[in-house]
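Here is a short set of exercises to work through with the structure open beside you. Try each task yourself, then follow the solution step by step.

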Amino acid sequence: MPRPSPFYSRTAALCESHSWQEWSGFLSANMYELHHLREYYAIRTAAALIDISPLYKYLVHGRDALKLLNRVMTRDIARCAVGQVLYTPWCDEHGRIIDDGTVTQLAPGRYRVTAADPSLRWFEDNATGLQVQIDDISDSLAALALQGPLAGEILQQAAGPALAQLKYFRHASAAIAGMDVSITRTGYTGDLGYELFADPADAERLWDALMEAGQPRLLRAAGQLALDMVRIEAGLLLVAVDFISSKKTVFDVQKSTPYELGLGWTVMLEKGNFVGRAALAAERERGAAWATVGLDVQWDSLEQIYKRYGMPIHLPETAWGNAVPVYSDEVQIGRATSGTWSPLLKKYVVLARIQPQYAKPGTPVCMEATVEAQRHMTAARVTALPFYNPPHKRA
Amino acid sequence: MAEIYDAVIIGGGHNGLTCAAYLARAGRKVLVLERRHILGGAAVSEQIFPGFTYTVCSYVVSLLRPEIIRDLELPRHGLQILPLDSAFVPMENGDHLALWSDPATTRTELQRHSRRDADAYPEFNQMMYKMGFAVKPILGMVPPNPLSPGVDDLRRLLELGRHAKGLDARTFQQLTKLMTMSATDFLDEWFESDVLKALTAINGIIGTMLGPRSPGTAYVMLHHFMGELDGAFTVWGFQKGGTGAVSNAIAGAARQHGAVLRCNAPVAQVIVRNGQAVGVALESGEEIRARTVVSGLDPRQTFLKLVDSRQLPAEFATAIGNFKYRGSSGKVNLALDGLPTFTSMPDRALLQGMIEICPSVDFVERAYDDAKYGEFSRRPFLDVLIPSTIDPTLAPPGKHVMSIFVQYAPYKLNGGWSAQQRDAFGDAVVNTLEEFAPGIKKLILHRQVLSPWDLEQDFGLAEGNIFHGELTLDQIFFLRPTAGWAKFRTPIRNYYQCGSGTHPGGGITGGPGRLAAMEILRSSK
Ligand SMILES: Cc1cc2nc3c(=O)[nH]c(=O)nc-3n(C[C@H](O)[C@H](O)[C@H](O)COP(=O)(O)OP(=O)(O)OC[C@H]3O[C@@H](n4cnc5c(N)ncnc54)[C@H](O)[C@@H]3O)c2cc1C
């Protein structure tokens, strides 16, 4: 039986659809209304509140905290100042991604790490010989994402005008309705957004305070379906969908490296030794086997296919996440891993992993499209990620 | 020596801007001249009252052609259309009708009114969808000229014939009915609930000087059903920031492709030499030379104001003179201190959708009766939206803006329009609203009232017709604006038209602008 999250009394009351999924052992709303579109638009044009408590959270502290993190993570955590947040993957000794998350230096030598999967053992195994303490604080922190172009305004309303100063990928401690809240300007939407961490005992009051502050700005709760659409627009990969953690499969062919996933920028070979460094250095030398790109499915081409059936284009209303072959000149060059119709961009956007020689933006490729249970090839164009990158995300 | 533009476009309405964007995208040197201080024409957002953004004229978007959205990459330039989820009609007996985008909820609601209609409603929608699908290709097509067909026209006529042949007998029969019947007669064959008929019929009267019982209104209903968002028909949406943001998105695309857009530049005249347009003269006296001149204004201004009608064949000038405008609508925009309360509204979520003051077919027909005899409706039909409930950036927190489209307000009002008449008209609107939402008057912080006369004065819409001429059967497709001249050309060489007075007609479609640009590019190849 999945467990209720600390916000369950609030999310359950709003969840008219009664549509839930399991997320790391918790119940997580798919959508609150019968349709997820309003939640999608809330994230993109106003603001949305998303319960992200199921994330795994760790506190890493002690004399060698930095040493441990720099040993595990691909990015250089020494560059993470107090009050700063870094996004980073971590890899196995073959340079294949285990997971990714954020590292926040809360106070000198005190780091909070978020992860999609349980990571305590991996961190501890790598801490051998180091003076470092790793606490699994997953259950002692409730977490909320407040995302959307009006998120900043709402947060200032709730937590005070000082929050206006909080920059992209920075951390601040604040009080909301008398409760201590740890706030990072981060998120999984590619929009302006914040993630808030608080004592689970305060969870319900925190939810209420934010909802009250956000009400005039049309803040609404959003679930997984809306989130899945926006993260694809933002070009953000989802573990277990776009790639598989190297800990979750025993087959090499199913594993991926940061270079293959477009995360080469997070690999700091110069920082000194870390888990997977040698393999990653060699890979950089020889070039990655795959490149992760965006595909912009060409509407006219898809329209022609549907026309043969006397039909207008019909796309799924939610994001999909199953492997679909991608071709160039009828030779398969890779796979699409997830995709969605973007109501905002008015485009059919797809994330794909293809051979690097085809990765140049503008390259024409084909993707398999099944219409009335028949297979077809629709034209698509390779594009750089993200598809959607509004200036207010960083401003 | 002054520059010579490849094309000068008169009027920075959304169609003029669309035409400019397509021409500039093809490498042409383009200049747009707009009379007002702001681009957009009837698709414009303005802060008339500080802190409150009105979507001044048009308010909902769905007819915007998807190929334009793609070609011009409008989302990159700010196009963001938020779906509208519901329609609410308060009734005079205190009951209501509420339709939702969720079919099951709608069904439950309809069953309260008529179990039969609850069944018929999805079938009706499916039929209209099918009609829309049947007619849709015509919207993206340059109309053929059946009077003196050229090779191209024959090809298009053939295409059209083939398309019509592809329709099954039942679809064809329904289509014929739609083309000839009144909205109410057509709906009588489907529904028994009066309020449902009233709500559906209003799509047939918007922008016309016709009542729900006037023949021809069934077709106008179809025109409004052809809205197409995300490949799904009949989804109306609200553009974030108001419809001015649609114009701004198109303007952004035009600029990106190098078009020059000038405001405060009213054109007085098209300069014609030897039957050929060579440029324009501004009211300021400035003259600008161009190889092609395109008018985004309505046919009356395009032909009877900007050029000397003696330059035109007499028959043509007469036909243009006969083109019907008969403006019948007005617009009221309100700044509100808070949200109103509709007595019969069962769920406040309905405030985020369309609110239709059309409690019965008789109510709307009576509103029309007033107008038939030269009066504005004492109790008008109101198409109401509170955009700030879906786009909170339009008003300060806790405050709201309300957009009210009003019918009927005849352009030819007995005694003529005056400031007093405008106020009286505004009062009739607010009083009607107050009947269904008591207390709303006390919430009003500011009120903007636009009569058809104002629409003509401020926005250059002849007789205040919102579509640059009625969308009746005698004024559409190859008859728009008149037989033989539906291909965006005019009797004056190098003078083109691209406004809503051309095919496929009015509404925020961009269709005329795009098709005109394609004709211009084709003929100058
Ligand atoms: C009150 C109202 C409500 C409406 N509601 C909707 C709606 O909800 N949804 C919808 O789809 N449609 C609606 N419409 C219709 C739609 O707005 C119009 O059909 C459309 O915007 C017309 O665009 P256009 O570019 O063809 O012409 P216009 O927008 O009329 O553009 C013509 C431009 O030319 C300029 N101009 C005029 N004279 C000169 C001159 N001499 N020199 C230079 N410039 C000049 C004008 O200022 C204007 O900017 C509404 C219209 C009105 C008036």
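**Exercise 1. Place Asp391(B) in its surroundings: where does it lie, and is it buried or exposed?**

Solution. Keep in mind that this is a predicted model.
- Step 1: Look at chain B between strand 17 (381-385) and strand 18 (400-407); the loop there holds Asp391(B).
- Step 2: Check the accessibility. Asp391(B) has a relative accessible area of 0%, and buried means under 20%, so Asp391(B) is buried.
- Step 3: List the contacts, leaving aside neighbours within four places in sequence. Asp391(B) touches Leu82(B), Phe238(B), Lys240(B) and Gly241(B), and also Leu218(A).
- Step 4: Look for a polar partner. A polar atom of the Asp391(B) side chain is 2.6 Å from the backbone nitrogen of Gly241(B).

**Exercise 2. Describe how domain 1 and domain 2 of chain A meet.**

Solution.
- Step 1: Find the parts. Domain 1 of chain A covers 8-53 + 141-222, and domain 2 covers 291-392.
- Step 2: Count the residues in the contact: 12 come from domain 1 of chain A and 9 from domain 2 of chain A.
- Step 3: Take the distance between the two centres over C-alpha atoms, which is 31 Å.
- Step 4: Give the buried area. The two domains of chain A bury about 780 Å² between them, with 55% of it on carbon and sulfur atoms.
- Step 5: Name the residues of domain 1 that lose the most area to domain 2 in chain A. They are His36(A), Tyr40(A) and Arg44(A), together 43% of what that side buries.
- Step 6: Count polar links between these domains of chain A. There are 4 residue pairs in polar contact and 0 salt bridges.

**Exercise 3. Which helix gives the largest share of the side of chain A that touches chain B?**

Solution.
- Step 1: Start with the whole interface, where 24 residues of chain A are in contact with 29 residues of chain B. The area buried between chain A and chain B is about 2100 Å², and carbon and sulfur atoms give 58% of it.
- Step 2: Look for charged pairs. The interface of chain A and chain B has 2 salt bridges; Arg70(B) and Asp300(A) form a salt bridge at 3.9 Å, N to O.
- Step 3: Find the helices on the chain A side. Helix 2 (37-45) and helix 9 (299-307) of chain A each supply at least two residues.
- Step 4: Compare shares. Helix 2 of chain A gives the largest, with 4 residues.
- Step 5: Sort the chain A side that touches chain B by class: 15 residues are nonpolar, 2 polar and 7 charged.
- Step 6: Return to helix 2 of chain A, where 8 of the 9 residues are buried, including Arg38(A), Tyr40(A) and Arg44(A).

**Exercise 4. What does the salt bridge of Arg220(A) and Glu33(A) tie together?**

Solution.
- Step 1: Check the distance. The closest N and O atoms of Arg220(A) and Glu33(A) are 3.2 Å apart.
- Step 2: Locate both ends. Arg220(A) is in strand 13 of chain A, while Glu33(A) is in the loop between strand 2 and helix 2 of chain A, so the pair ties together parts 187 residues apart in sequence.
- Step 3: Look at the burial of one partner. Glu33(A) has a relative accessible area of 18%, so Glu33(A) is buried.

Key
Residues are numbered from 1 along each chain as its sequence is written. Chains are lettered from A and ligands numbered from 1 in the order in which they are written. This is a predicted model: local features need pLDDT of at least 70, side-chain atom pairs count only at pLDDT 80 or more; totals for chains, interfaces and linings use all residues. Side-chain values use heavy atoms; hydrogens and water are left out. Buried means under 20% relative accessible area, exposed over 50%, partly exposed in between (1.4 Å probe, protein chains only). A polar contact is a pair of N or O atoms within 3.5 Å; within protein, one must be able to donate a hydrogen and the other to accept it, and residues adjacent in sequence count only if both atoms are side-chain atoms. Contact means heavy atoms within 4.5 Å. Domain bounds come from an automatic or database domain assignment. Buried area is the accessible area (1.4 Å probe) that two parts lose on being put together, summed over both. A salt bridge is a side-chain nitrogen of Lys or Arg within 4 Å of a carboxyl oxygen of Asp or Glu. Ala, Val, Leu, Ile, Met, Phe, Trp, Tyr, Cys and Pro count as nonpolar, Asp, Glu, Lys and Arg as charged, and the others, Gly among them, as polar.
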